[in-house]
Amino acid sequence: MTDGQQRRHDELAANLAAVRRRITAACAAAGRDPAEVTLVAVTKTWPADDVRLLAGLGVLDVGENRDQEAAPKAAACTGLGLRWHFVGRLQTNKARSVARYAHAVHSVDSARLVEALQRGAELAGRRLGALVQVSLDGSTARGGALPEDVPALAALVEAAPLLDLRGVMAVAPLGADPVAAYARLATVAGAVRAAHPAARWLSAGMSGDLEAAVAAGATHVRVGTALLGHRPALG
Ligand SMILES: *Cc1c(COP(=O)(O)O)cnc(C)c1O
């Protein structure tokens, strides 16, 4: 390693230890086993070198929100045993590309997208995990399906031959109380799980609110800033 790489390695290792301590403490407070919570490192805007360093530190679940950035990064990191989580808004014309490398798409919010991902999985000849994204702010403008539309969408995913319904995902609304928002999400997740017992994932929590998400039952926290640092303004 160069000195620069060594410094970045040490910085990521320290950040990772701090994030793991937060997850462990949140689990202890909630009476949960930390082994139930997967840390997804959201590496958007950060280079493939950072993904490799994190992999070396044992972080194999990686999140990205734009296909234009994720596809080349995933290609540059093949052979590391990574699982790529697509967590951003996804247009149907990008579904085919995402289906080639994603382990799971967390942001499924329309019947058209279910169809496009199924088709993409067929073309790629592989199965694909899928989570229904729930909007918690009463609007679909920022992505996500309204809670009342989630059961039907989950059933559509379940019926798609190459999609594996994993559960639900949400982003806490800006400025909202995350405890209340994630409590609503937990209710939606419970309904999906009742209808589809294998759909056990609850993807919630970011750098600022992972404790509230863990308290509400999150199985996947998506952490960017607390691990990698502040992104440049565009991101
Ligand atoms: C960027 C992003 C995250 C990570 O956010 P941080 O606040 O940097 O931890 C999580 N989820 C989604 C959907 C994101 O786009």
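I looked up where the ligand sits in this predicted model, and it is in the largest pocket. A pocket here is an open set of points on a 1 Å grid over the protein atoms alone, with protein on both sides within 12 Å along at least five of seven lines. Sitting there means that more than half of the ligand's atoms lie within 2 Å of the pocket's grid points.

I noted the numbering, from 1 along each chain as its sequence is written. Local features need pLDDT of at least 70, side-chain atom pairs count only at pLDDT 80 or more, and side-chain values use heavy atoms, without hydrogens and water.

Next I checked polar contacts (N or O pairs within 3.5 Å). A ligand oxygen lies 2.6 Å from a side-chain N or O atom of Thr225. For the side chain of Lys44, the distance from a ligand oxygen to an N or O atom is 2.7 Å. At Gly224, a polar backbone atom is 2.8 Å from a ligand oxygen. I then looked at cover: the protein hides 88% of the 390 Å² of accessible area that the ligand has on its own (Shrake-Rupley method, 1.4 Å probe).

Conventions: Polar contact = N/O pair within 3.5 Å; in protein donor to acceptor, adjacent residues only side chain to side chain. 1 Å grid on protein atoms, 1.4 Å probe; cavity = no way out; pocket = protein on both sides within 12 Å on 5 of 7 lines; lining within 4 Å.
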